[in-house]
Amino acid sequence: MKCPPKIVTVVAAVIWQDGKYLGVKRPEGKPMAGQYEFPGGKVEPNESVRAALVRELREELDITPTAIAFFQEKEHAYDHISVRLHFFHIQAFEGEIHPLEGQELEWLTPREGQDRPFLEADREIVAQLAVSGGAVIQ
């Protein structure tokens, strides 16, 4: 009997600027390379999701979020891993965005996001953003 993969807790940021959100294209050499995702990553043991979000955005994009609003939580099972995602809207941040992990970045309107190959776990969020026109629901 095959055991289900353990659930990994992950944070993801919907970073907004001028009515567009940031899509990150996973670089070559990473699992699911070429697909888009929202920036973020794994929550470390004994770390809050909010602290993980701040740390991940510093490590990945060299920014510090200053306006953070919890959006929603969802679970998704891939073949190799299950994730519990905590999505946040980021309306403001300090610093200038730099792709520190070799990823490509693209500012997308809520409609444009639907035309990009987002990871399965993010597609429902992308669809919700398109329907809401990017209005932040808190």
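These exercises work through the fold, cores, largest pocket and selected residues of a predicted model.

**Exercise 1. Overall fold**

Task: Count the helices and strands of the protein, give their order, and judge how compact the chain is.

Solution:
- Step 1. Count the elements. The protein has three helices and seven strands.
- Step 2. Read along the sequence. The pattern is β-β-β-β-α-β-β-β-α-α.
- Step 3. Compare the radius of gyration with the globule rule. The radius is 14 Å, and the rule gives 14 Å for 138 residues, so the protein is as compact as a globular protein of that length.
- Step 4. Add the dimensions. Along its principal axes the C-alpha trace spans about 50 × 35 × 30 Å.
- Step 5. Check burial. Of the 138 residues, 46% are buried.
- Step 6. Check contact range. Take the contacts between residues at least 6 apart in sequence; 70% of them join residues at least 24 apart.

**Exercise 2. The nonpolar cores**

Task: Find the residues that touch the most other members of the largest nonpolar core, and say which elements supply this core.

Solution:
- Step 1. Start from the general expectation. In soluble globular proteins, nonpolar side chains tend to be buried together.
- Step 2. List the best-connected members. The largest nonpolar core has 21 residues, and Val-14, Tyr-21, Phe-38, Phe-87, Phe-118, Ile-125 and Leu-129 touch the most other members.
- Step 3. Assign elements. β1 (7-17), β6 (82-94) and α3 (120-132) each supply at least two residues of this core. The largest share, five residues, comes from β1.
- Step 4. Follow one member outward. Leaving aside residues up to four places away in sequence, Val-14 touches Tyr-21, Phe-38, Phe-88, His-89, Ile-90, Ile-125 and Leu-129.
- Step 5. Look for another core. A core of 17 residues lies apart from the largest one, and its members include Val-24, Ala-52, Leu-53 and Ile-63.

**Exercise 3. The largest pocket**

Task: Describe the volume and lining of the largest pocket.

Solution:
- Step 1. Give the volume. It is about 560 Å³.
- Step 2. Find the residues at the centre. The lining has 27 residues, and Val-10, Arg-26, Glu-37, Gly-41 and Leu-119 lie nearest the centre of the pocket.
- Step 3. Assign elements. β1, β2 (20-25), β4 (40-42), α1 (49-61), β6 and α3 each supply at least two lining residues.
- Step 4. Sort by chemistry. The lining holds 14 nonpolar, four polar and nine charged residues.

**Exercise 4. Positive phi outside glycine**

Task: Place Asp-18 and Met-32 in the chain, and decide whether each is buried, partly exposed or exposed.

Solution:
- Step 1. Take Asp-18. Its phi is near 55°, a positive value in a residue other than glycine. Asp-18 sits in the loop between β1 and β2.
- Step 2. Apply the cut-off. Exposed means over 50% relative accessible area. Asp-18 has 75%, so it is exposed.
- Step 3. Take Met-32. Its phi is positive, about 60°, although Met-32 is not a glycine. Met-32 belongs to the loop between β2 and β3 (36-37).
- Step 4. Apply the cut-off again. Partly exposed lies between 20% and 50%. Met-32 has 27% relative accessibility, so it counts as partly exposed.

**Exercise 5. Ala-77**

Task: Locate Ala-77, classify its exposure, and relate Ala-77 to Ala-121.

Solution:
- Step 1. Locate the residue. Ala-77 is in strand β5 (residues 64-77).
- Step 2. Classify it. Its relative accessibility is 55%, so Ala-77 counts as exposed.
- Step 3. Compare sequence and space. Ala-77 and Ala-121 are 44 residues apart in sequence, with 8.1 Å from C-alpha to C-alpha.

Conventions:
Residues are numbered from 1 along each chain as its sequence is written. This is a predicted model: local features need pLDDT of at least 70, side-chain atom pairs count only at pLDDT 80 or more; totals for chains, interfaces and linings use all residues. Side-chain values use heavy atoms; hydrogens and water are left out. A nonpolar core is a set of buried Ala, Val, Leu, Ile, Met, Phe, Trp, Tyr and Cys residues joined through side-chain atoms within 4.5 Å. Buried means under 20% relative accessible area, exposed over 50%, partly exposed in between (1.4 Å probe, protein chains only). Helices (H or I, at least four residues) and strands (E, at least two) are DSSP runs, numbered from the N terminus. Contact means heavy atoms within 4.5 Å. On a 1 Å grid over the protein atoms alone, a cavity is a set of points where a 1.4 Å probe fits but cannot get out, and a pocket is an open set with protein on both sides within 12 Å along at least five of seven lines; lining residues have an atom within 4 Å of a point. Grid points are joined across faces, edges and corners, and a volume is the space filled by probe spheres set on the points. Ala, Val, Leu, Ile, Met, Phe, Trp, Tyr, Cys and Pro count as nonpolar, Asp, Glu, Lys and Arg as charged, and the others, Gly among them, as polar. The radius of gyration is taken over C-alpha atoms; the globule rule is 2.2 Å times the number of residues to the power 0.38.
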